[in-house]
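Here's a quick tour of the empty spaces and the greasy interior of this protein. Have the structure open while you read.

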Amino acid sequence: MSNKVSTIGVLTSGGDAPGMNAAIRAVVRTAIANGLKVKGIRRGYSGLLEEDIIDMDASSVSDIIQRGGTILYTARCLEFKTPEGQQKGAEICRKHGIDGLVVIGGDGSFQGARKLANLGINTVALPGTIDLDIACTDYTIGFDTAVNTAMEAIDKVRDTSTSHERCSIIEVMGRNAGYIALWCGIANGAEDILITERYDHDEAKIIENIKHSRSIGKKHHIIVNAEGIGDSNGMAKRIEAATGMETRATIIGHIQRGGSPTCIDRVYASEMGAYAVDLLCKGESNRVVGYRSGGLVDYDIQEALEMQKDIDQYLYDVSRTLSRSLQS
Ligand SMILES: Nc1ncnc2c1ncn2[C@@H]1O[C@H](COP(=O)(O)OP(=O)(O)OP(=O)(O)O)[C@@H](O)[C@H]1O
Ligand SMILES: O=P(O)(O)OC[C@H]1O[C@](O)(CO)[C@@H](O)[C@@H]1O
Ligand SMILES: [Mg+2]
């Protein structure tokens, strides 16, 4: 079957995520294997509007699969949210002969991808975000690395927290989603896990938990707090005042976005990158690639953006049971 596209453009947009390089590499090499040309668009939609576009060949993506960040750089671009910006972006694609585009980013980037698809540029989006906040997929590029980085950081905080017999509140990223917090909370054996989707703002209950932990001889109290709840420093002051237990807040921050991707992020990102090119070769457009029930799937972008996602209730219940098992 002949390819429906001849030149593929690839860009990364929104927050970077470990594994984006593996996805770029897969897009470039799969396209070349299919006899296509590839152009890298640097700095996301900003770079598209500035025509920051480079030719890519197989060697352009050598020695990157193990690297965090994105060799194409990334950006958030306000101008691209306007119809004029989107029109200009589509014209620039046409000017550079880009008739197939792979956008690697989060839900915001998908909105831009959908607009370009509607303007006639065959576009496929890949979920690249540490937040895991994309409803159509159980996996997003970067989540696995980020959650492992956060887990290792929390283990380290726990050591010092135990030595000083302190309470530690550790704030993890995730924007409005609590996936990183929930997974770390379980993986780190936290005493309290506060996630945006379930938090009831009952600080008195947390304070009671801490007092109870102390009364049964626990040497530390680890609270994993989601970025969407925030206020970790304020919470630390209030908890210390109410319990008398020395309390420190640690906001892990952007370290969670960097670092060498895990094996899962390298392999799934590679598979998704190849799949995106396969879709474009078949003439598909306006699709998002996802990972569900052990395999790759793809959806209409609009349909994907309308899907709702919630924390897995069973996993949440398990987290509660395990963190409370020493409490009355
Ligand atoms: N409604 C929209 N229409 C067109 N483009 C959009 C729209 N929303 C966002 N974008 C583009 O996508 C870019 C990235 O969006 P956003 O900042 O929401 O990050 P994201 O892709 O969701 O990734 P992450 O949440 O992981 O940082 C925006 O800066 C903008 O250029
Ligand atoms: O790097 P910035 O622009 O401060 O964005 C931070 C946000 O990006 C993410 O790291 C990824 O979406 C979120 O977890 C966080 O809220
Ligand atoms: Mg987002």
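What follows covers the pockets, then the cores, then one helix and the cavity.

Keep in mind that this is a predicted model. Its largest pocket has a volume of about 600 Å³, and the second largest comes in at about 310 Å³. There is also one cavity of 30 Å³ or more.

**The largest pocket**

- The lining is made up of 31 residues, and the closest to the pocket centre are Gly14, Gly15, Arg76, Gly108 and Arg175.
- Which helix gives the most to this lining? That's helix H4 (residues 107-118), which puts in six residues.
- Sorted by class, the lining has 14 polar, ten charged and seven nonpolar residues.
- Both domains take part: domain 1 (7-142 + 261-306) and domain 2 (144-257) each contribute at least three lining residues.

**The second largest pocket**

- Here 15 residues form the lining, and Leu132, Asp138, Tyr139, Phe143 and Trp183 sit nearest the centre.
- Helix H5 (143-163), helix H6 (179-187) and helix H9 (263-281) are the elements that give two or more residues to this lining.
- H6 gives the most, with three residues.
- How many polar residues line this second pocket? There are no polar ones; the lining has ten nonpolar and five charged residues.
- This lining also takes at least three residues from each of domain 1 and domain 2.

**The nonpolar cores**

- The largest nonpolar core counts 59 residues, and Ile8, Val102, Ile104, Leu126 and Ile180 have the most contacts inside it.
- Why does this core lie between the two domains? Domain 1 (7-142 + 261-306) and domain 2 (144-257) both give residues to it, so it lies between them.
- Ile8 is a good residue to click on: leaving out residues up to four places away in sequence, Ile8 touches Val27, Ala31, Leu36, Lys37, Val38, Lys39, Ile98, Gly100, Val102, Val277 and Leu280.
- A second core, separate from that one, holds 25 residues, including Leu49, Cys77, Phe110 and Ile134.

**Helix H6**

- H6 turns up again when you look at burial: Tyr179, Ile180, Ala181, Leu182, Cys184 and Gly185 are its buried residues.
- Ile180 links this helix to the cores, being buried in H6 and listed with the residues that have the most contacts inside the largest core.
- What do the buried residues of H6 pack against? Their partners are H5, strand S6 (167-172), S7, strand S8 (221-226) and H11.
- Just after H6, look for Gly189, which takes a positive phi of about 65 degrees.

**The cavity**

- The largest cavity holds about 50 Å³ of space.
- Its lining consists of Glu191, Asp192, Ile193, Tyr316, Ser319, Arg320, Ser323 and Arg324.
- Strand S7 (192-194) and helix H11 (313-324) each supply at least two of these lining residues.
- H11 gives the most, with five residues.
- By class, the cavity lining has four charged, two polar and two nonpolar residues.
- S7 and H11 therefore appear twice in this briefing: both supply lining residues to the cavity, and the buried residues of H6 pack against both.

Methods:
Residues numbered from 1 in each chain as written. Chains lettered and ligands numbered in written order. Predicted model: local features only at pLDDT ≥ 70, side-chain atom pairs only at ≥ 80, totals over all residues. Heavy atoms only, no water. 1 Å grid on protein atoms, 1.4 Å probe; cavity = no way out; pocket = protein on both sides within 12 Å on 5 of 7 lines; lining within 4 Å. Points joined across faces, edges and corners; volume = space filled by probe spheres on them. Helix = DSSP H or I, 4+ residues; strand = E, 2+ residues; numbered from the N terminus. Nonpolar A, V, L, I, M, F, W, Y, C, P; charged D, E, K, R; others polar. Domains from an automatic or database assignment. Core = buried A, V, L, I, M, F, W, Y, C linked by side-chain atoms within 4.5 Å. Buried < 20%, exposed > 50% of the residue type's maximum accessible area, 1.4 Å probe, protein only. Contact = heavy atoms within 4.5 Å.
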